[in-house]
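Let's look at some labels used for protein structures and ask what earns them. Each answer sets a value against a rule.

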Amino acid sequence: MTDTALHIANACKRYQNGFQAVRDISFDVARGEFFALLGHNGAGKTTLISAIAGLNRLTSGTIRIMGCDVQSQAHQARMNLGLVPQELVYDPFFNVREVLRIQSGYFGLRRNDDWIDEMLHRLGLDDKADTNLRHLSGGMKRRVMVAQALVHRPPVIILDEPTAGVDVELRHSLWQFMQSLNRQGHTIVLTTHYLEEAEQYCGRVAIMKQGRLVALDTTENLLRQEARLIWHITLDKALPESLQAACTAQSPDFRYTLLLDDYRQLGEAVAQLQAAGCRIEAMDIEKPNLEQVFMRLTAHNGQETL
């Protein structure tokens, strides 16, 4: 049994118009890993995910899911994968339970009601089991899509923007369910623009930019590399000229945001304020977070883009 859940080697995708969406991407995701694939819109994430799911073909390169090639062993690879797409796609002619039973049939599962009942409960859909999908809210429809992706208990789960446009209750129940599945050994690959989710749940992160991989490391290591501090201060007078270069934001009521390299520079900044006769009335220090790492690595022509 392979220890690698997802293997991607030299993946490239070039369209007929010459646009290259994926450029020589290679990485592995281990069994049981909670992994983040990040990038701004147009970075190539959706193209790569579509190739993993067998929805499009790479121009060159290899993708394997649990050791099965997505092209030459498409059926076995698909059986090992559950994909929650970003777009809301649903059948308006059936109720929730019927949809999940039909989805089970696609994977050859005739008696799957026990697992369907558990998913309905874990995703807060108990009271919607007999409701037609056309009568569900957007958030409820997304819960059904999660259940559809998990109906065959796949060892590898891809969540493409699973919490986009959903309420806090669903986010909480979804992440509890995903963490439970991950503890049971399921491999989870997450794409999201809510970077605090990736930072909280994912042990390793890949970041794409313009079709290329610009970072692949543990979340801890990426945060450690981002040594800069964001210092929010409120003063009783204007910021001294000597600190203007570090200032990234200010307001007329003497509130400033400074970007500092480390705590040594913070100490020097405090000393300069004291020398200028400035009194600090309020302050807050932001520790490095994944959003800062992401913005630095995906900055384009001096502009930071999410």
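Q: What makes helix 1 (residues 45-52) count as mostly covered?
A: This model is predicted. In it, 7 of the 8 residues of helix 1 are buried. Buried means under 20% relative accessible area. The residues of helix 1 that meet this cut-off are Lys45, Thr47, Leu48, Ile49, Ser50, Ala51 and Ile52. Just after helix 1, Gly54 takes a positive phi of about 80°.

Q: Why is Met79 called partly exposed?
A: Its relative accessibility is 29%. Buried needs under 20%, and exposed needs over 50%. The value for Met79 fits neither, so Met79 counts as partly exposed. Met79 sits in helix 2 (residues 74-79).

Q: What does Met79 touch, leaving out residues up to four places away in sequence?
A: Met79 touches Phe107, His152, Pro154 and Pro155. Each of these counts as a contact because heavy atoms lie within 4.5 Å. Val270 is another matter: Met79 and Val270 are 59 Å apart in space, C-alpha to C-alpha. In sequence they are 191 residues apart.

Q: How do you know that Asp69 has no salt bridge?
A: Look at the nearest side chain of opposite charge, Arg64, which is 4.7 Å away. A salt bridge needs a side-chain nitrogen of Lys or Arg within 4 Å of a carboxyl oxygen of Asp or Glu. At 4.7 Å, Arg64 misses that cut-off, so Asp69 is buried yet has no salt bridge.

Q: Which backbone nitrogen lies 2.7 Å from a polar atom of the side chain of Asp69, and what makes this a polar contact?
A: It is the backbone nitrogen of Gln71. The cut-off for a polar contact is 3.5 Å, and 2.7 Å is within it. Asp69 itself is in strand 5 (residues 68-69). Beyond its neighbours within four places in sequence, Asp69 is in contact with Thr62, Ile63, Arg64, Ala74 and Ala77.

Q: How do you know that strand 1 (residues 4-14) and strand 2 (residues 20-30) pair?
A: Count the bridges: there are 7 between strand 1 and strand 2. Pairing needs at least two, so these strands pair. Their sense is antiparallel. One of the residues involved is His7, whose bridge partner in strand 2 is Asp28.

Q: What do strand 1 and strand 2 form, and how many residues lie between them?
A: They form a hairpin, with 5 residues between them. In the turn, Gly18 has a positive phi of about 95°.

Key
Residues numbered from 1 in each chain as written. Predicted model: local features only at pLDDT ≥ 70, side-chain atom pairs only at ≥ 80, totals over all residues. Heavy atoms only, no water. Helix = DSSP H or I, 4+ residues; strand = E, 2+ residues; numbered from the N terminus. Buried < 20%, exposed > 50% of the residue type's maximum accessible area, 1.4 Å probe, protein only. Lys, Arg positive; Asp, Glu negative; His and termini not counted. Polar contact = N/O pair within 3.5 Å; in protein donor to acceptor, adjacent residues only side chain to side chain.
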